[in-house]
2 protein chains.
Amino acid sequence: MKDVAAAAGVGLKTVSRVVNGESGVTDGTAERVREAIEALGFRRNDSARLLRTGRTASVALVLEDISDPFSSALSRAVEQVAAAEGCLLFTGSSGEQADRERELALAFCARRVDGLIVVPAGDDHRYLLPEIASGTPVVFLDRPAGGIDADAVLSDNAGGARRGTEHLIAHGHRRIGFIGDLRAIHTAAERERGYRAAMAGAGLPVDDRWVDCGPTDRARVGEAVRRLTTGPDAVTALFTANNRVTLAALHHLPAERRPAVVGFDDLELADLLTPGLTVVAQDPAALGALAARRLFARLAGDVGAPACLEVPTTLIPRGSGEIRP
Amino acid sequence: MKDVAAAAGVGLKTVSRVVNGESGVTDGTAERVREAIEALGFRRNDSARLLRTGRTASVALVLEDISDPFSSALSRAVEQVAAAEGCLLFTGSSGEQADRERELALAFCARRVDGLIVVPAGDDHRYLLPEIASGTPVVFLDRPAGGIDADAVLSDNAGGARRGTEHLIAHGHRRIGFIGDLRAIHTAAERERGYRAAMAGAGLPVDDRWVDCGPTDRARVGEAVRRLTTGPDAVTALFTANNRVTLAALHHLPAERRPAVVGFDDLELADLLTPGLTVVAQDPAALGALAARRLFARLAGDVGAPACLEVPTTLIPRGSGEIRP
DNA sequence: CGCCTGCTGGACAACGTTGTCAAAGCGGGT
DNA sequence: ACCCGCTTTGACAACGTTGTCCAGCAGGCG
């Protein structure tokens, strides 16, 4: 910019004015400046600009794994709201590791992003207190914050799981298995709670051997499926508590004599399977958009008490959940 | 930092030294500084730091749509390489619109990202010449750059499509339909080329009515499917040239009397369909990682001539492509 | 005792931009 | 001729860091 000013024979501030389309520059001068800009291939350095103005016009999203369809749908929704607000978006994947989540979140804060959306991996977010105190709004997405009072946008996990389980019960099942994620993960615990609530609501006992929680790799889920669906005590239906579990379970279920299955999270080809896969679908687009709007409301000066917003889920019957025992 | 210096009763530079772990500070002084930092909740402003040092330790990825599984897999791969290099990642979706791609790319450059990876939406990238000239390396991913000579990392689109089509021919098909994306998209054109090469290689004619290119929304693909698979001239097999087309086509194909299908791009549940979906799979993780590594090689000073790297595709037979006419 | 060396610490400029403010130029009214 | 008000313009500080450079001080050596 200094060079442009020198080339056009004007002051620094005049160039700044032209670049920003401010008024108070004669057409002739502006024209000369524009020529100099063109000749020198000048592009304004937004980093410096934003250092001066105090806003970075960027927000950051820490999620579990951007390659997961649920995460990437969240990301897209956040991006759209951010774009409408003229903000660019940083994304980072925690890989479900609390320290990586923390590292990413703090790195973004050190960059002075205007706001931060976090899909928690850890369960203690007090490390963000100084950042929040210094004015960076933080919204938690998909799972609530741990140890601090902050905005959160969540799916109705318990309600959805309850509804899905009740659907199986309504179709005559009494022995229903639950295969979930690690209990330390809030959504996983909530879904188990919903499953148990449905069973209790129908006056059905839950054998502890029917409930299998753990990491969502195929081997472990396969083992759980084998254990739950064989032997004299085999369950007649399965509730699989997230998309990875559902996927893994489907791969391990025998094609013939398959138990009824209801999965949490929709899958892209779910309706083309035989039978179609009955799911409790979340609405990641709504979740992401809601979180982003909340963030920008905070940025716009909303100082109300932190709130926890809940997004409903939808049961989509497609066949696999309607199989009778 | 000024406040910290005042609180600790030391100079500005001493604080900077402590924060960056530089040598030349006595333990006592360092301790006092650390206490002041703690007391004031100071966090270094990386934006300012990076303005001073000239590197932003961030790279940007412009892709088609982060919510598409292919895009998000690319993103994850790029992110991993970037993280290993200590870089944060900006992502932005062009939505297949050239001007949005340009807008995003230039916004990232204005932020002075250290490097840029672009999945092109447009076909003219001369607008990036000033940025490249000023030292920002740009790598094109999935599709080549238009109008400029730059690094690119591509899938073997033509080869993969040829292989998939030959697979259908080998299973006895003579009348094979091709449903693709807009011809303006490089990958779409390449895949059509591969299809035609396979047909020509086998001495088979291609009726122009068998080839249907256009937007990948379900309605248009459904119409194409209907047209190609009915009537006395119906094809006996379909090559669907990307994941969205495949998905839409599967939704519109009659379950009974379904033609043979080979799709370009793998789908998550492809192996659980009946029959399993035969695909030509790309390797988005390899594509993304390769592009990112190329970018960082450039950043590390590699000044070799721009190169176009090609990643092979894999034919995965699962049943739908082995159906005989 | 003087000089050199090594270490610690701080003053200052610089990165590239924008906000503030004052000066210069100009036209018009008295 | 003078003053007023308005527009255009530029000098300068500031944003929060880091790089450069120099001062001060203690200790070792000739």
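**DNA strand C and the two chains**

Student: What makes the pair formed by Met1(A) and DNA strand C a polar contact?

Tutor: In this predicted model, a backbone N or O atom of Met1(A) lies 3.3 Å from a phosphate oxygen of DNA strand C. A polar contact is a pair of N or O atoms within 3.5 Å (within protein, one must be able to donate a hydrogen and the other to accept it, and residues adjacent in sequence count only if both atoms are side-chain atoms), so the pair qualifies.

Student: Which atoms of Arg49(A) and Thr29(B) approach phosphate oxygens of DNA strand C?

Tutor: For Arg49(A), an N or O atom of the side chain is 3.0 Å from such an oxygen. For Thr29(B), a polar side-chain atom lies at 2.4 Å.

Student: How many residues surround DNA strand C, and what makes a residue count as near?

Tutor: There are 27, and Ser16(A), Asn45(A), Gly11(B), Thr14(B) and Thr29(B) are the closest; a residue is near if one of its heavy atoms lies within 4 Å. Of the strand atoms that come within 4 Å of the protein, sugar and phosphate account for 60%.

Student: How do you know what kind of axis relates chains A and B?

Tutor: Chain A superposes on chain B by a rotation of 180° with 0.0 Å of shift along the axis, at RMSD 0.1 Å (least squares on C-alpha atoms of residues with pLDDT of at least 70 in both). The two copies are therefore related as by a two-fold rotation axis. Within chain A, the C-alpha of Phe90(A) comes closest to that axis, at 2.2 Å.

Conventions. Residues are numbered from 1 along each chain as its sequence is written. Chains are lettered from A and ligands numbered from 1 in the order in which they are written. This is a predicted model: local features need pLDDT of at least 70, side-chain atom pairs count only at pLDDT 80 or more; totals for chains, interfaces and linings use all residues. Side-chain values use heavy atoms; hydrogens and water are left out.
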